[in-house]
Amino acid sequence: MMIVAIKLGNGKIYNYLANQNNKIFVGILAYTYVSTVSISIIYIQSKSFTPLTLFFSLYILIQTIFAIFIYHEMTMVQEKLLNKKDQEKLKQQQHQLEEYASYLEKSEDDLRAFRHDYKNILNSLKVSAQEGNVQEVIQKLDKYTETNLNSKALLKYKDLNHIYVKSIKSIIIPKITELYNLDIPYNFECRNNIRNLPDHVDELDLVRIIGITFDNAIEESKALIAEKHDIRSAEVQIMVYSDDPDEFEFEIRNKIQNKNISTSQIQQRGFTTKKDHKGLGLANIKEIESKYPDMSISYTIQDGWFDFYMTIDTEDDEEDE
């Protein structure tokens with residue numbers, strides 16, 4: 001019966017043993033095994049199927065069925081919670097993309113309005129400048145900027161329009177949004193149009209690297225602001241560059257608290273300066289780097305800044321060969 005059950009349900013059994021509740025499932029199996037062996041011993045000693053043996057058999061059978069039912073219900077509840085969490089995450093990503101599209105539309109409207117008004121504005125400023133009223137010129141510019149152009153909002157997604165690789169753009173948008181919402185000073189730069197990545201590189205590997213480094217920079221910035229009680233104590237600078245399909249560059253710099261951290265130490269699995277963190281981020285990046293001979297990653301700590309720089313250059317690798 002056990003052999004037939006295993007053959008019929010080996011897929012489900014494997015899933016039960018591989019999921020996050022595997023210890024509970026193994027516990028149920030162990031309990032069933034020990035109980036069955038105990039009943040077998042009682043039966044062998046008594047050499048007959050006594051009422052006591054029957055009672056324990058039925059008792060264990062009912063308990064086992066109940067335990068499996070509870071386990072199944074628990075996994076179903078967890079699955080529903082995970083689905084709900086995934087749906088909320090998708091809604092959040094959709095909201096961020098809608099916000100980005102709205103930003104582009106607003107920027108276009110603001111620029112169109114500015115183009116319509118700039119001649120009249122320049123003529124007005126020209127008269128004030130000719131009369132030597134420099135202070136008046138400055139005041140008029142400040143007033144126009146405050147009432148017509150929200151400079152911070154206009155710079156929120158600056159240069160993101162140059163990235164056409166959806167997976168890379170999709171990971172950067174929420175990270176930029178998080179920096180903006182946290183009021184962490186940042187600058188994002190991507191001057192060239194990036195339409196393709198090196199063919200042999202898995203996009204998901206780059207997404208993981210970008211995501212990990214952004215998260216590290218955001219966490220460090222939040223800790224620095226909490227320590228200094230000054231939003232200006234933190235800053236993040238990001239650069240993405242590519243002018244050839246065979247190359248890709250990504251750099252992210254952020255101010256740090258501890259200036260004496262070893263760059264070799266932070267790449268070790270398990271090392272972390274954050275509370276309740278497992279210290280796997282940069283170690284995972286190191287594993288990804290080992291997959292690609294033409295990927296080069298460097299870490300630099302200098303003048304209170306942590307600098308992560310990654311470059312992929314297939315052409316240089318081919319020339320070396």
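This is a conversation between a student and a tutor about one predicted protein model.

Student: How many helices and strands does the protein have?

Tutor: The predicted model has 10 helices and 5 strands, and of the 321 residues in the protein, 31% are buried.

Student: And what about the contacts between residues at least 6 apart in sequence, how many of those join residues at least 24 apart?

Tutor: Among those contacts, 65% join residues that are at least 24 apart in sequence.

Student: Okay, so which residues have the most contacts inside the largest nonpolar core?

Tutor: Those are I172, F250 and F308, and the core to which they belong has 46 residues. Several elements give two or more residues to this core, including the helices α7 (166–181), α8 (203–228) and α9 (281–289), as well as the strands β3 (247–255) and β5 (305–313).

Student: Which element gives the largest share?

Tutor: That is α8, from which 10 residues of this core come.

Student: Back to F308, what is it in contact with?

Tutor: If we leave aside its neighbours within four places in sequence, F308 is in contact with I209, T213, F250, E251, I252, I285, I297, S298 and Y299.

Student: S298 is on that list, so where is it found, and is it buried or partly exposed?

Tutor: S298 is found in strand β4, and it counts as partly exposed because its relative accessibility is 31%, while buried would mean under 20%.

Student: What does S298 touch?

Tutor: Not counting residues up to four places away in sequence, S298 touches D307, F308 and Y309. You can also look at M310, which is 12 residues from S298 in sequence and 6.6 Å from it in space, taken from C-alpha to C-alpha.

Student: Changing topic, how many cavities of 30 Å³ or more are there?

Tutor: The count comes to 1 cavity of 30 Å³ or more, and the largest cavity has a volume of about 60 Å³.

Student: Which residues line the largest cavity?

Tutor: Its lining is made of T213, N216, A217, I252, N254, L282, F306 and F308, and the elements that give two or more residues to that lining are α8, β3 and β5. The most comes from α8, with 3 residues.

Student: How many of the lining residues are nonpolar, polar or charged?

Tutor: They divide into 5 nonpolar residues and 3 polar ones, with no charged residues in the lining.

Student: Last one, what does the accessible surface come to?

Tutor: For the protein it comes to about 21400 Å², and 56% of that surface belongs to carbon and sulfur atoms.

Note on methods. Residues numbered from 1 in each chain as written. Predicted model: local features only at pLDDT ≥ 70, side-chain atom pairs only at ≥ 80, totals over all residues. Heavy atoms only, no water. Core = buried A, V, L, I, M, F, W, Y, C linked by side-chain atoms within 4.5 Å. Buried < 20%, exposed > 50% of the residue type's maximum accessible area, 1.4 Å probe, protein only. Helix = DSSP H or I, 4+ residues; strand = E, 2+ residues; numbered from the N terminus. Contact = heavy atoms within 4.5 Å. 1 Å grid on protein atoms, 1.4 Å probe; cavity = no way out; pocket = protein on both sides within 12 Å on 5 of 7 lines; lining within 4 Å. Points joined across faces, edges and corners; volume = space filled by probe spheres on them. Nonpolar A, V, L, I, M, F, W, Y, C, P; charged D, E, K, R; others polar. Areas by Shrake-Rupley, 256 points an atom, 1.4 Å probe, with all protein chains shown as cover.
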